[in-house]
Amino acid sequence: MSAAPAGGWRVPTPLLFAAAVLIWGTTWHAILYQLAEATPEFGVTLRFGLAGLVVLAVAAWRGEALRRPWREHRVLALQGVFMYSLAYLCVYHAERHVPSGLVAVGYSASPLLAGLGSWWLWRTPLSRRFVLGGVLGVLGVAAVFAPELGAAGARERADLGLLFTAAAVALSAVGALSASRNGARGLPFWTALGWGLLWGAAASAVVLLASGQPLALPTAPSWWLSLAYLAVAGTVVAFACFLALQQRVGPGPAATIGVMTPVVALAVSALAEGYRPGPLAWAGGALAIVGNVLMLRRA
């Protein structure tokens, strides 16, 4: 199935890739404005709840049927809980302990994980070059994180930030693998995305209420502006591009977005957060990019 999320015309594959990379590369820093005024659970709930309503409005405007049978909602709930709730709760918590660019670099491990999962579940072809590229990406991530973890006392609980990042990658891969089958099931693109987002928001709301966190709305303009950017651009537009690309080229190649995004995210961290990558971090970033090139090359 060839997804076309923008009207009736087919968005070029390179444009889908570039849009997702540039938008997501800046969302990592935008999350910091959310953390400054509210808890991760509160921010994730409102972000994906708002995004889900916007997406379903788009689906209704396009004439898609919003009501779906329960058997489809079970699949969409699986996608939403893992991809839009648990994974992002881990991302937000990770950014409380390490620079946002480092968390973005952690996602360089996602192509290998998604590709291996797709091969294991559905025997999707997996070349040796793809595996090699994924391994190089993982090694690059380790090199980027090594100075942060090795600087004892330089940053409180950097190890916890790494653990949250690893959990986010694994949880996101489960959601991505579930979403990759939606096209084959014939689910309407925008409707499936919208309900998945709302299921993710609902799961985060359950965590929020169960933890007894305060529900007071933040008053800082920066929080609301970052919420609007994260919900509309960082969620509606970027996820539409990502999921369309995933249906078009497969979950493994589409997940390479997670390798290119850190290039933008690290630049933003260096400019806005005072992060100064050393030689080992630069080498690790270069290694991750080489791995990305290997995975994107056609056989």
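## A walk through an all-helix model

W122 is partly exposed, with a relative accessible area of 32%. This residue sits in helix α5, which covers residues 110-122. Together with W119, W120 and L121, W122 forms a nonpolar surface patch whose combined accessible area is about 460 Å². Please keep in mind as you read on that this is a predicted model.

**The chain as a whole**

Stepping back, the protein chain contains 12 helices and zero strands. Its pattern along the sequence is therefore α-α-α-α-α-α-α-α-α-α-α-α. Of the 299 residues in the chain, 53% are buried. If you look at contacts between residues at least 6 apart in sequence, 89% of them join residues at least 24 apart. The accessible surface of the chain comes to about 13,100 Å², and carbon and sulfur atoms account for 70% of that area.

**Two kinked helices**

Helices α3 and α9 make a nice pair to view side by side, and the table sets out their values.

| Helix | Residues | Expected span | End C-alpha distance | Kink |
|---|---|---|---|---|
| α3 | 25 residues (70-94) | 36 Å | 34 Å | about 30 degrees, centred on V81 |
| α9 | 29 residues (221-249) | 42 Å | 39 Å | about 30 degrees, centred on L230 |

The expected span for α3 follows from 1.5 Å a residue, and the 34 Å between its end C-alpha atoms agrees with the expected 36 Å. Helix α3 is also mostly covered, with 18 of its 25 residues buried. One of the residues in the 70-94 range of α3 is V81, where the kink of about 30 degrees is centred.

For α9, the same rule of 1.5 Å a residue gives 42 Å, and the 39 Å between its end C-alpha atoms agrees with that value. What follows this helix? Just after α9 comes G250, which takes a positive phi of about 105 degrees.

**A buried threonine that meets the kink**

Now turn to T27, which lies in helix α1 (residues 13-35). Is T27 buried or exposed? Its relative accessible area is 3%, so T27 is buried. Setting aside neighbours within four places in sequence, T27 is in contact with Y229, L230 and G234. L230 is the residue on which the kink in α9 is centred, and T27 of α1 touches that residue.

**Salt bridges**

How many salt bridges does the structure hold? There are two. In one of them, E64 pairs with R62, and the closest N and O atoms are 3.8 Å apart. E64 counts as buried because its relative accessibility is 16%, under the 20% cut-off. R62, at 33% relative accessibility, counts as partly exposed.

In the other, the side chains of E72 and R68 meet with an N to O distance of 2.7 Å. E72 has a relative accessible area of 15%, so this residue is buried.

**An exposed valine**

To finish, look at helix α8 (residues 189-210), where you will find V206. With 56% relative accessibility, V206 counts as exposed, because the cut-off is over 50%. Which distance separates V206 from E41? Their C-alpha atoms are 9.2 Å apart, although the two residues are 165 residues apart along the chain.

How values were computed. Residues numbered from 1 in each chain as written. Predicted model: local features only at pLDDT ≥ 70, side-chain atom pairs only at ≥ 80, totals over all residues. Heavy atoms only, no water. Helix = DSSP H or I, 4+ residues; strand = E, 2+ residues; numbered from the N terminus. Expected span 1.5 Å × (residues − 1). Bend = angle between axes of the 7 residues up to and from the residue. Buried < 20%, exposed > 50% of the residue type's maximum accessible area, 1.4 Å probe, protein only. Contact = heavy atoms within 4.5 Å. Patch = residues over 30% accessible without salt bridge, like charges linked within 9 Å, V, L, I, M, F, W, Y side chains within 5 Å. Areas by Shrake-Rupley, 256 points an atom, 1.4 Å probe, with all protein chains shown as cover. Salt bridge = Lys/Arg side-chain N within 4 Å of Asp/Glu carboxyl O.
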